Number of protein chains: 2
Amino acid sequence: MEQVTLKQIAEYLGISIATVSKALKDYPDVSQKTKALVKAEAERLNYQPNSFAVNLRTKESRTIGLIIPEVVHFFFGNIVRAIITQAEKKGYLVIILQSDDNPELEKKQIDLLISKRVDGIMISLANNTVDTSHLQKVMRLGIPLVMFDKISKLIPCSKIIIDDRKAAYEATKHLIDQGCTKIAHFRGPLLPQNSIDRFLGYKKALEDHGLEYNSKHVFLCDPIIYEKGREHAAALLDQDMDIDGIFANTDMVAIGALSVFNERGVKVPEHLKIIGFSNWFISSAMTPTLSTVDQDGIKMGKKVFKRLFKELQAKKNGQILPPETIAMPTKVIGRGSSMLSKTAVAAKS
Amino acid sequence: MEQVTLKQIAEYLGISIATVSKALKDYPDVSQKTKALVKAEAERLNYQPNSFAVNLRTKESRTIGLIIPEVVHFFFGNIVRAIITQAEKKGYLVIILQSDDNPELEKKQIDLLISKRVDGIMISLANNTVDTSHLQKVMRLGIPLVMFDKISKLIPCSKIIIDDRKAAYEATKHLIDQGCTKIAHFRGPLLPQNSIDRFLGYKKALEDHGLEYNSKHVFLCDPIIYEKGREHAAALLDQDMDIDGIFANTDMVAIGALSVFNERGVKVPEHLKIIGFSNWFISSAMTPTLSTVDQDGIKMGKKVFKRLFKELQAKKNGQILPPETIAMPTKVIGRGSSMLSKTAVAAKS
DNA sequence: CGAAAATACGAAAACGTTTTCGGTTATGAA
DNA sequence: TTCATAACCGAAAACGTTTTCGTATTTTCG
C-alpha cells in the first residue's frame, strides 16, 4: 500500500540513495553492473518516483493549466481534446478549469494555477474580461502563457486565433454569391474581439458588394445560445422584415433560427438563406444541412499546445521567445441552408 | 519573478520560519500580535505556499484524476463540467485524461495519475475494457476510486450509474404506448454493460407487452455514431422492413436515422416513431424534435465528485468507506418524433 | 513570594528527490 | 614501484513546508 522510495531500494541493495537515483537516470558515473541491479530491483518493487519530491527539487511540475469559458461546446471540446492528447505525448498533464464566462472566476482560477505551480497556462478569455491584471501577473511571474480564440490584444503573449473578420467576410460574401441582397446578422456580445471582428467582416462584405448596411438588420445574441436564434428569427418574421439571408455568429444560433423557419413553414434556402459559424458536427445533421464556416478546433488545439511547449522548452534553456500570433485557416462550407443545388461546395480561404 | 517563501517573511520580520508557518495557519500558540504582523507581510509580498513542498510534507496533492472515453460529448461534457465545478469549490483541482475508448491508453493514464500522486480517481471505462488489473492496482494502493456510467462490476469500488435497463424499458414502452407494434432497436457495442442493459430493457418491454422479439430488428452500432444511424435507417427502408418504431441507443444515432427519414420523405412520427437516449441539447432542436430519455449529466457529475470527496475525507480520518452503488433517476421525454400531439409529455421514472 | 500553569516562540526533523563535489579504489603509464 | 588518471561511489546540501517537542518567559494563585 505504501509507495516504495529510493531509500528502500538503496537499503535493500546496500548502496547509497545517490547511486540509486543516478543509476535510474543513466548517469555515466555508475557502472553497468549496478545500473542493472538497481533497475531490476526498481522494476521488481514497482518503483515510481514521488513527483512531489521531484517537483520540489526540479521546480517544475510537468503540469499545465487550461482555462476555457465552457467545456460542453463542440469547438472548445475539440480544442480540449487535442490539447490533452498532445500534452500527454510530451509528458505533460493538463488541469482544466471552466470560467463560465465569468471574469471573477477566471481571476481566481489563474491564481489557483499559479499556486499549483503549473509550468504554463493556456487560456481562452471569458466574454467580458476587461481587467487583465491577472494575466499580467502570469507574465510577470515568467510563466509561459498562450491565449487562443478569445484573446486580449493588451497582453504581449503568443496567441492562436482565426481571422474572424476575413472568415465573416467570406461567409457573407457566400450569401451574396447565392443571390442574397438583404442580409441580416445575428451577432455575438459587444465586448469580445471575436464578435466585433465577425460583425466588421459582415459589414465590410456588404459595402464591398454595393449592399446597404442597415443597423436594424443586426441582432444581438447575448449570450450566444439557441434561444436567441429562435427569438430573433421570430422577430424577423413577425416584423415582416424583408430579409433573404442571415449570417449567424455561431451554428447554435443559426440552428435556433432554422427551427423557427421550419416550424413556420419558411422554406430554407428558397425563401431565405442562412449560414452559421464553427462547423459543429451537428450542423451537417440538420434538415436542411447548415452552411457554415469551418474552424478546426483540433488543429487549433494542437497549435496551442505546440506553441506552449516551445516556450516551455525555451524557458528551460534560459531563453524567452518573442510572442507570436498565429492565425489558423478557415473555410466556408456551403450546404443546404444556403444553396439550392444539393451538392455542397467548399470555398477555400 | 521569484516566488516568495516562508523563509523570506521570517527573515524580514526577524522571527522563525516555524512561527510564520503557524501564524498563517492560525495555530493557537502564536500571539495575536505576531499573527497580524505575519499576515500583513504575507499579504504585502503576495505570498503563496509552494504546493510542491506542501504536497511532499502532507502527502496529499489536492488534485484528483478523471478519465473518460471522450470529452467532446454532450453527456460526458456535462459530467466533466459538474465535476470540475464541484471540485473547485472544495479546493480540488482536476486532471482530465481522455481514453478514446482505448483500454491500453486507459491503463497508461491510470499509471500516470498514480505517479502524479492524485488523491483520488474518477473513471468511466472504455467500451471494451476487459482486463481490470490497472483498476485493481488503484484499489490496492488505497487510492479512492469512483466509477461512473461505464463501470465494471468486478471492482469493489463506489459506482454512480443509471438504471439503463429500466430506462430502456420505459423508452420502449413509450413507443408501445404511442401505438407502435414493430419496434427496432439500434443497439450499442456488445461489450459495455450499458448497451447490454439497454438492449435487455428493450427486449423485456416487448415481451411484457405481448410483442414478438425478433433479432433481425436489432441493429448493431459500433461505434455509436451518427453514420451508423443513417446506415441502419437506410437498410430498414431498402429492405422494406415493416417497422413502425425505433429505440436508438443514443440520440446521435437517432438523429442519423432521422436525417435519412427526412431525406427520403418518411414522415416522422406518422409513418414511424423514434426515440433516442441521453437528451442531448440538440435533440430538442431537431425537426421534428427528438423524443429521448433524459439522463442528467450535471447531477451525475455532482454525485460522482461528492462520493469521491466523502471517501477522501474518510481516508484522512483513517477510515475506509464501504463501496456504494447509486443509480440516478432518468425520465422519458416524449417529443415530436414519437408523438402526434404537439404537446411534449414527460413521464416520471 | 514561590511554585505551577499558561503563553509564546524556535530548533530541528522529516517528506523524497537531485546534484555537486570529494574521496576511494582500480587502471594504466612511466 | 610510483604517480597520474579514470572509474565508481557516497556524503551532504538543498528544495519549502509542517509539526513535534522543548524551552524561556510570563501569568496565576495559594
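A polar contact here is a pair of N or O atoms within 3.5 Å; within protein, one of them must be able to donate a hydrogen and the other to accept it, and residues adjacent in sequence count only if both atoms are side-chain atoms. With that in hand, take Arg57(A): a polar atom of its side chain sits 3.3 Å from a base nitrogen of DNA strand D.

Some ground rules come next. This is a predicted model, where local features need pLDDT of at least 70 and side-chain atom pairs count only at pLDDT 80 or more, while totals for chains, interfaces and linings use all residues. Residues are numbered from 1 along each chain as its sequence is written, chains are lettered from A and ligands numbered from 1 in the order in which they are written, and side-chain values use heavy atoms, with hydrogens and water left out.

**Around DNA strand D**

A residue is near a strand or molecule if one of its heavy atoms lies within 4 Å of it. By that rule, DNA strand D is surrounded by 26 residues, and the closest are Thr19(A), Lys22(A), Leu6(B), Tyr27(B) and Arg57(B). Look at the DNA side of things: of the atoms of strand D within 4 Å of the protein, 61% belong to sugar or phosphate, and the rest to bases. On the protein side, the surface residues split into 12 nonpolar (Ala, Val, Leu, Ile, Met, Phe, Trp, Tyr, Cys and Pro), seven charged (Asp, Glu, Lys and Arg) and seven polar (the others, Gly among them). H2(B) gives the most to this surface, with four residues; helices (H or I, at least four residues) and strands (E, at least two) are DSSP runs, numbered from the N terminus.

**Around DNA strand C**

DNA strand C also has 26 residues around it, the closest being Leu6(A), Tyr47(A), Arg57(A), Thr19(B) and Lys22(B). Sugar and phosphate make up 62% of the strand C atoms that come within 4 Å of the protein. Here H2(A) supplies the largest share of the surface, four residues.

Some of the polar contacts to the two DNA strands look like this:

| Side chain | DNA atom | Distance |
|---|---|---|
| Thr19(A) | phosphate oxygen, strand D | 2.7 Å |
| Lys22(A) | base oxygen, strand D | 2.5 Å |
| Thr19(B) | phosphate oxygen, strand C | 2.7 Å |
| Lys22(B) | base oxygen, strand C | 2.5 Å |
| Thr34(B) | phosphate oxygen, strand C | 2.9 Å |

The elements giving two or more residues to the surface near strand C are H2 and H4 of chain A, together with H2 and H4 of chain B.

**A sheet in chain B**

Now to chain B, where four strands form an open, parallel sheet in the order S7-S6-S8-S9. Two strands pair if DSSP finds at least two bridges between them. Strand S7 (218–220) and strand S9 (273–275) of chain B are the edges, each pairing on one side only. Strand S8 (residues 245–248) of chain B is joined to S9(B) by three bridges, and Gly245(B) stands opposite Lys273(B) in S9(B).

**A salt bridge in chain A**

Side chains of opposite charge can pair when their charged atoms come close. The structure holds 37 salt bridges over all chains, each a side-chain nitrogen of Lys or Arg within 4 Å of a carboxyl oxygen of Asp or Glu. One of them joins Glu263(A) and Arg230(A), at 3.0 Å from N to O. This pair links distant parts of the chain, 33 residues apart: Glu263(A) belongs to helix H11 (residues 251–264) of chain A, and Arg230(A) to helix H10 (residues 226–238) of chain A.
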